Amino acid sequence: MHAKLQHSKDLLQKIESDYAPNLVFACSFGAEDVVLVDLISRYAPKINIITLDTGRLHQQTYDVMDACRQKYGIEIKVCFPDTQEVESMLTTHGANLFYSSIENRKMCCAVRKVHVLKKVLKNQQAWVTGVRRDQASSRQEMQEIEDDQAFGIKKANPLLAWSEKNIWQYIEENDVPCNALHAQGFPSIGCEPCTRAITVGEDPRSGRWWWEQEDAVAECGLHASPLNMNK
Ligand code: SF4
């Protein structure tokens, strides 16, 4: 764990020196992301922290957002989707469109997340994520620093080699604020209508979009290849 931690610190400092101020961490306030908030505020504070407020988040996510703001004294830029896009989507397809088809779910993720992130990343050179390799089979090939073809900039994944156990050990040892939903069995925290608790032995990704067919890609488009984004 000590070596992994040191490696992640070094990587954060390297990307800070290579890309700041044109570098953002897109934080969702899940367990991995609060670890990164802690590491960035200690070791690489020039990395800008942003969050996408889809308009459908859990109250517990707003609570941990404020707890991080308070504990670390950091600025967290909150980015909302385009009002007209949301209004038009809901007028045409209804407020709960994501349950009616995979296409509608992907449309909602595109409007509420992907388009917003695209706008945020437009003038950046790199972005940071909290993804871990063992979270999903679709993340096996990811690299710590890679070309993000979807957004046309570099993408850094400093926690790629961390296990879930490493994450929780770090949170406990450093008293990092974390989302109360994890204690209720939520493996990952997304939008309120699209995430749920899972039971022991279930695939962690089944906590998202569980009503879709098993072979559907359980990604929202933020970490998908350009191929997957078009599905
Ligand atoms: S996770 Fe659900 S509510 Fe959130 S943007 Fe995607 S489809 Fe919409």
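The tour begins at the ligand, since the space that the ligand takes up is the largest cavity. The model is a predicted one.

**First stop: the ligand shell**

Select the ligand and display the residues around it: Phe98, Arg105, Cys108, Cys109, Arg112, Lys113, Cys191, Cys194 and Trp209. Colour this shell by residue class, and it divides into six nonpolar and three charged residues, with no polar ones.

**Second stop: helix H6**

Next, select residues 164–174, which form helix H6. Which residues of H6 are buried? They are Asn166, Ile167, Tyr170, Ile171 and Asn174. Turn the view to look down the axis of H6: the buried residues fall within an arc of 135°, and therefore line one face of the helix. Now rotate to the other side of H6, where Lys165, Glu172 and Glu173 are exposed.

To see what covers the buried residues of H6, add three further selections: helix H1 (2–19), helix H2 (31–43) and helix H3 (59–72) are included in that cover.

**Third stop: the residue after H6**

Continue along the chain from H6 to Asp175, which follows the helix. Asp175 lies in the loop between H6 and helix H7 (226–229). Its backbone deserves a look: phi of Asp175 is near 50°, a positive value in a residue other than glycine. Most residues other than glycine have a negative phi. Is Asp175 buried or exposed? With a relative accessible area of 58%, Asp175 is exposed, the cut-off for that class being over 50%.

**Fourth stop: the loop after H1**

Return to H1 and select the loop between H1 and strand E1 (23–26), where Pro21 is found. Display the backbone of Ala20 and Pro21: the peptide bond joining these two residues is cis, with omega about 10°. Most peptide bonds are trans.

**Last stop: the loop after E1**

Move on past E1 and select Phe29, in the loop between E1 and H2. Phe29 is not a glycine, yet has a positive phi of about 70°. How accessible is Phe29? Its relative accessibility is 0%. Buried means under 20% relative accessible area, so Phe29 counts as buried.

To close, select Phe29 and Asp175 together. Phe29 has a positive phi, and Asp175 has a positive phi as well; Phe29 is buried, whereas Asp175 is exposed.

Definitions and conventions. Residues are numbered from 1 along each chain as its sequence is written. This is a predicted model: local features need pLDDT of at least 70, side-chain atom pairs count only at pLDDT 80 or more; totals for chains, interfaces and linings use all residues. Side-chain values use heavy atoms; hydrogens and water are left out. A residue is near a molecule or strand if one of its heavy atoms lies within 4 Å of it. On a 1 Å grid over the protein atoms alone, a cavity is a set of points where a 1.4 Å probe fits but cannot get out, and a pocket is an open set with protein on both sides within 12 Å along at least five of seven lines; lining residues have an atom within 4 Å of a point. A molecule sits in a cavity or pocket if more than half of its atoms lie within 2 Å of its grid points. Ala, Val, Leu, Ile, Met, Phe, Trp, Tyr, Cys and Pro count as nonpolar, Asp, Glu, Lys and Arg as charged, and the others, Gly among them, as polar. Buried means under 20% relative accessible area, exposed over 50%, partly exposed in between (1.4 Å probe, protein chains only). Helices (H or I, at least four residues) and strands (E, at least two) are DSSP runs, numbered from the N terminus. The arc is that of the directions from the helix axis to the C-beta atoms. Contact means heavy atoms within 4.5 Å.
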